[in-house]
Each structure stands twice: as C-alpha cells, then as structure tokens.
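Here is a short briefing on one protein model. It covers overall make-up, one strand pairing and one helix contact.

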Amino acid sequence: MKILLLLTLFFSNLFSCALCAQYTPSAHVDIKVDINDTTIQKAQISWRFSSEFIETILPKYDKNGNLTFDLVELTEVEKAFVDYVQPIDFLTEIKYYKKDTNTTFEEIPKMKFQPTSYKTYLKSGELYFDYNLTLGYPLHKEYILYFSIFDDENYMNFIINPLGISFDTPKGYKIIENANMYMLFFDIVDANRVIDEVVEPKKIVQMQEQ
C-alpha cells in the first residue's frame with residue numbers, strides 16, 4: 001500500500017503542471033496483433049503523446065535546458081512510466097471469450113499476458129512508449145478478442161487509433177476490428193461467414209455500468 005502511494009505521488013508530480021491546468025494528456029494507441037494458424041501469439045502496443053505533453057513535462061526532465069530530451073533524460077521519463085504502469089499490468093486489460101456466452105461482460109475473466117520488452121523514444125516531435133506482450137491464446141472461430149487501455153487514476157486519457165490497428169488473418173478466418181475510445185474488439189469468424197452485426201462497444205459499456 002505504501003509503495004503504491006509513493007508511485008501515485010511520483011506520477012502525480014510528473015503531471016503536476018498538467019493537473020493544475022486541469023489538463024489530462026491524451027495518448028493515441030496503436031495495436032498490432034500477431035496471429036498464426038493456431039495461436040494468437042503476441043501484441044505490440046504503442047502510446048503516442050502529443051508535443052503539448054512533452055512541453056508539460058519538459059521543465060522537470062530537461063536538466064541541461066536544451067529544450068528536448070537527451071538519452072539520459074529520456075531514460076528518466078521511461079522510468080516514471082514503468083514505475084507507474086508495470087505494477088498494474090501496463091494499464092492493459094485483455095479478454096478472450098466465446099461469442100453469445102451466457103454471462104455478463106464483467107464476469108468474463110481477464111486473460112493473462114507476459115510483458116517482454118518496452119521502450120520510450122521521440123519521433124517527429126512526439127513522445128512514444130511501446131511495449132510488447134506475449135499472449136499465446138488458442139485461435140478459435142466465433143470468439144471475441146478484447147483490448148482495453150485505461151487509466152483508473154485519470155493521469156492519461158487513451159484513444160485507440162483505428163488507422164493504427166493491424167493483425168494477421170490466417171487462412172479460413174475473417175477478423176473484423178471495432179475500435180471505440182479506449183476499447184478494441186476483434187470479432188473472429190469463419191472466412192465464408194457473412195457478418196450480420198459487428199460487436200457494439202456501447203453495449204459492452206452498458207454491461208460494465210450495470
């Protein structure tokens with residue numbers, strides 16, 4: 001409990017200027033899922049923060065005053081990210097379940113995954129935080145693969161980028177993606193099936209709120 005409090009205070013300090021200005025930084029999320037003929041193997045997830053976010057945290061980490069993050073300074077920014085997100089599964093929730101299951105969404109268990117690597121870097125004036133997850137889920141038709149990137153403490157506001165979604169489609173399968181704010185659904189069906197209705201995230205949200 002004490003460690004969690006210290007981490008929360010540290011990350012709160014990281015965003016102190018933003019919070020005082022009633023500004024919650026947004027991160028656009030790209031997700032790539034690697035799938036072979038039998039297995040959902042891994043996911044590569046990338047958070048992209050705006051130049052405004054860099055300006056917010058620059059005074060704290062730009063020790064030499066050159067108005068950018070050098071390698072050592074960027075390492076400190078990465079440490080702040082990792083110290084906050086690593087104990088809470090990188091703010092990532094994954095569910096993988098059979099369609100038309102006779103249960104509520106909340107009762108569907110979260111899937112386990114293994115973070116394998118992460119990195120923080122600058123590109124075109126924006127800050128990126130990437131991490132890789134090993135999944136290893138058996139591939140099944142008529143299943144839903146669900147991702148959620150959400151910060152309960154509201155230090156960051158995540159938005160999944162529909163143009164940043166990519167995945168492999170094994171022979172005999174059809175995969176329909178549907179992104180809504182911080183949620184992403186993959187509808188996995190037979191390649192020959194005509195899709196009558198794609199998963200509606202709003203319905204899932206209503207389930208969660210009940």
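Buried residues, those under 20% relative accessible area with a 1.4 Å probe and protein chains only, make up 41% of the 210 residues. This is a predicted model: local features need pLDDT of at least 70, side-chain atom pairs count only at pLDDT 80 or more, and totals for chains, interfaces and linings use all residues. Residues are numbered from 1 along each chain as its sequence is written, and side-chain values use heavy atoms, without hydrogens and water.

**Overall make-up**
- The protein has five helices (DSSP H or I, at least four residues) and nine strands (E, at least two), numbered from the N terminus.
- Along the sequence the pattern reads α-α-β-β-α-α-β-β-β-β-β-β-β-α.
- Of contacts (heavy atoms within 4.5 Å) between residues at least 6 apart in sequence, 62% join residues at least 24 apart.

**Strands 8 and 9**
- Strand 8 (residues 173–180) and strand 9 (residues 183–190) run antiparallel, joined by eight bridges; DSSP must find at least two bridges for strands to pair.
- Alanine 179 has leucine 184 in strand 9 as its bridge partner.
- Two residues lie between the strands of this hairpin, where methionine 181 takes a positive phi near 55 degrees.

**Helices 3 and 4**
- The axes of helix 3 (residues 51–61) and helix 4 (residues 71–85), lines fitted to C-alpha atoms over the stretch in contact, come within 11 Å and cross at roughly 110 degrees, on a scale from 0 to 180 degrees between N-to-C directions.
- Helix 3 and helix 4 are therefore roughly perpendicular (65 to 115 degrees).
- Phe53, Ile57 and Tyr61 in helix 3 meet Glu73, Glu76, Val77, Ala80 and Phe81 in helix 4.

Terms used. Parallel < 35°, antiparallel > 145°, perpendicular 65-115°, else oblique. Buried < 20%, exposed > 50% of the residue type's maximum accessible area, 1.4 Å probe, protein only.
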